[in-house]
Amino acid sequence: MIGEKGKLLYTVYRALTYGLSPFLYIHLRFRVLRGVEHPVRWPERLGRASTLRPPGHLIWFHTASLGEGMAAIPVIKRCMEEKPDCAILMTSTTASAFEIITTRLPIGVIYQFAPLDIPAAINAFLGYWKPNAIMLMEGELWPNLILGASRNGIALALLNARMSAKSFSRWSRPILLPLISFMLSKFSVIIPLSTMQGIHFQLLQAPPYVINFSGDLKYDAVEEFDISKRGVQGIEELKVQLAHRRVWMVSSIHRGEEEVVLGVHKVLMRMYPDMVTIIVPRYPRHGREIAIELQKQGLSVALRSRDEKLVSGTSIYVVDTLGELRHFYTLTPIAVIGGSFLPGLTGHNISEAAAAGCAVLTGHHVGHFLDMVLKLQQSNPLSVLQVSAEELVEALSELFSNSEILEVRRLAAKQAFQSLSSGIVANVWNHINFNVLRHALR
């Protein structure tokens, strides 16, 4: 009964997306004009390939944005090692992901922008690339993609599977539950990033036998990546400039959180005049806006994109670039993970900071990252400190004033990360190979 309702709902969805296609095309062109989509490669979003498909088997990895893309790379590397004769195609949806991921992918991986979930784009994409298997990352549950792949006999896997509370609530509604249940029935394996996420997928009526657990791939996404000689030189120069100053960094902040950060900065500056605050906004444009506003207030700010130095009197360094976050974690003993201090925000990956040996702090609004916070804390209670915006000054002051506490928290974070990050990619690979590839690559 649910399967029939799911098919009916999909028929309605497919008709709606077909009818809306001309308007979505106009919207896409508008995004190109605004600089949101790639100025040259935007036709790929309509399923139009910009390179040749190699002969033989092909596995398609699809991610939404940068974080999911980075989490997929260790699995892609393992896949290339185990299946060297199989071509790998990777897609993402954002221009920012394109800028970074294409510099981090192993040689030989094909990159394209993902097609919009409209019938013509999906049909064109699947018809050209003819993947043998599709690995979707995290929450990329698009009806035309999933059911179009199933209709063409293409095996499907959902890796690091997760669903926000908002999405889970929406899909749980009686009108949509048959559709998501129908979609999830098409997967050969679903690997949730946590037990709670696995429960969510079971409640959405995913077949119990396809749900397998391996851990969060974002732990294994933390590894050393090469950066340009210019980038290395810049990091080394910053280390020298920061050598004799107290430093803390706040990363991945969203709009509105800069007010929290600057309030904390002003209070701490009265206590520690030699302090430097490194601010890494989620989006580079936001960083430039912050710098302009601070300069209007008469504050001296150094901007990363301009290679500005931390001269005497400069106490704020704004990182308005992409792809350097993990390297900046090596410059600071204290990392505050943003996207977590205002209601409605859902946190960010804290494992990079823990891996770098930072004392890690984050807010209480962490969304699905709560599982990562709790697992790190279970491994070592001192590994992650959750504080409110009002408690941030006191927490940072304690770390600045007590070197023993700071070192204990840094060591705790690194040890907790190391204990949780081993074996995840191997487990994921075993599930993919057994449940998907041994059938799809015959």
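How many helices and strands does the secondary structure of the protein come to? The count is 18 helices and 13 strands. Before going further, please keep in mind that this is a predicted model.

Overall dimensions next. The radius of gyration is 23 Å, and the globule rule gives 22 Å for 442 residues, so the protein is as compact as a globular protein of that length. If you draw a box along the principal axes, the C-alpha atoms fill roughly 65 × 45 × 45 Å.

Now the inside and the surface. Of the 442 residues, 54% count as buried. Take the contacts between residues at least 6 apart in sequence: 69% of them join residues at least 24 apart. The exposed area of the protein is about 19,600 Å², and 57% of that is supplied by carbon and sulfur atoms.

On charge, there are 44 positive side chains and 36 negative ones. The centres of these two sets lie 9 Å apart.

On to the cysteines. A disulfide is a covalent bond between the sulfur atoms of two cysteines. How many disulfides does a search of the whole structure find? The result is zero.

One pair is worth a look on the screen, C79 and C86. Why is there no bond between them? The closest cysteine sulfur to that of C79 is in C86, and the distance is 5.7 Å, which is too far for a bond. The cut-off for a disulfide here is sulfur atoms within 2.5 Å. Coming from the other side, the closest cysteine sulfur to that of C86 is in C79. As for accessibility, C79 is buried, with a relative accessible area of 2%. C86 also counts as buried, at 10% relative accessibility.

Last topic, backbone angles. Two residues to find in the model are E138 and D307. E138 is not a glycine, yet its phi is positive, at about 60 degrees. Where is E138 found? It sits in the loop between β4, residues 133-137, and α5, residues 143-151. Is E138 buried or exposed? E138 is buried, with a relative accessible area of 0%.

D307 is the other one. Its phi is near 55 degrees, again a positive value in a residue other than glycine. D307 has its place in the loop that runs between β9, residues 301-303, and β10, residues 316-318. With a relative accessible area of 35%, D307 is partly exposed, whereas E138 is buried.

That is the end of my part.

How values were computed. Residues numbered from 1 in each chain as written. Predicted model: local features only at pLDDT ≥ 70, side-chain atom pairs only at ≥ 80, totals over all residues. Heavy atoms only, no water. Helix = DSSP H or I, 4+ residues; strand = E, 2+ residues; numbered from the N terminus. Rg over C-alpha atoms; globule rule 2.2 N^0.38 Å. Buried < 20%, exposed > 50% of the residue type's maximum accessible area, 1.4 Å probe, protein only. Contact = heavy atoms within 4.5 Å. Areas by Shrake-Rupley, 256 points an atom, 1.4 Å probe, with all protein chains shown as cover. Lys, Arg positive; Asp, Glu negative; His and termini not counted. Charge placed at Lys NZ, Arg CZ, Asp CG, Glu CD.
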